[in-house]
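Subject: Structure handover: salt bridges

Hello,

I am passing on the structure we discussed, together with some notes on its charged side chains. Please have it open while you read.

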Amino acid sequence: MLMGEYHHNIDDKGRLIIPAKFREELGQNFIVARGLEKCLYVYSEPEWNNLVAKLKTLPFTKKDVRIFTRSFFSGATECEFDKQGRINITSPLVSYAGITKECVIIGASDRLEIWSEESWNNFFDENCDKISDIAEDLFNGGNMNETL
């Protein structure tokens with residue numbers, strides 16, 4: 001399981017150090033793709049393959065399915081770590097996520113998310129007060145039988 005929050009800078013060549021803890025979980029080869037809320041998603045190959053299998057079950061005749069799959073797959077790229085534990089993020093992905101220098105790398109269970117520090121801070125500030133209500137709805141609203 002991927003969890004935790006780390007702050008690193010991306011260099012001028014689009015290289016970003018990924019914490020060693022995450023490198024072990026991801027393996028040598030992995031996928032970086034456009035995420036939701038203007039962040040990047042990073043999947044290990046097995047997790048990527050699980051996601052692709054789920055997406056293949058969606059009917060391509062639905063417009064929303066076509067829009068999502070085009071956006072998601074067109075931005076996806078295979079990556080690997082260099083000897084310093086860095087990844088090279090393509091310029092379209094850097095641009096999509098609004099990354100200029102400071103990044104926040106978070107573990108989100110089955111994937112990593114890479115955010116510009118500004119976007120992460122805005123997202124967290126906007127949602128911080130809602131987390132208690134969201135948890136109550138998720139855990140007590142019939143979706144799950146457990147509580148936190």
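The notes below cover the salt bridges and how buried their residues are.

Keep in mind that this is a predicted model. Four salt bridges were counted in it, and the ones described here involve R86 and R111. As background, oppositely charged side chains can pair when their charged atoms come close.

R86 and D82
The side chain of R86 forms a salt bridge with that of D82, with N and O 2.7 Å apart. R86 has a relative accessibility of 19% and therefore counts as buried, since the cut-off for that is under 20%. D82, with a relative accessible area of 28%, is partly exposed. This pair thus joins a buried residue, R86, to a partly exposed one, D82.

R111 and its partners
R111 meets D110 in a salt bridge, at 3.4 Å from N to O. R111 also forms a salt bridge with E113, where the closest N and O atoms are 2.8 Å apart. D110, R111 and E113 are in this way linked in a network of salt bridges.

How accessible are the members of this network, D110, R111 and E113? R111 is buried, its relative accessible area being 19%. E113 is buried as well, at 7% relative accessibility. D110 counts as partly exposed because its relative accessibility is 30%, and partly exposed covers the range between 20% and 50%.

Regards

Definitions and conventions. Residues numbered from 1 in each chain as written. Predicted model: local features only at pLDDT ≥ 70, side-chain atom pairs only at ≥ 80, totals over all residues. Heavy atoms only, no water. Buried < 20%, exposed > 50% of the residue type's maximum accessible area, 1.4 Å probe, protein only.
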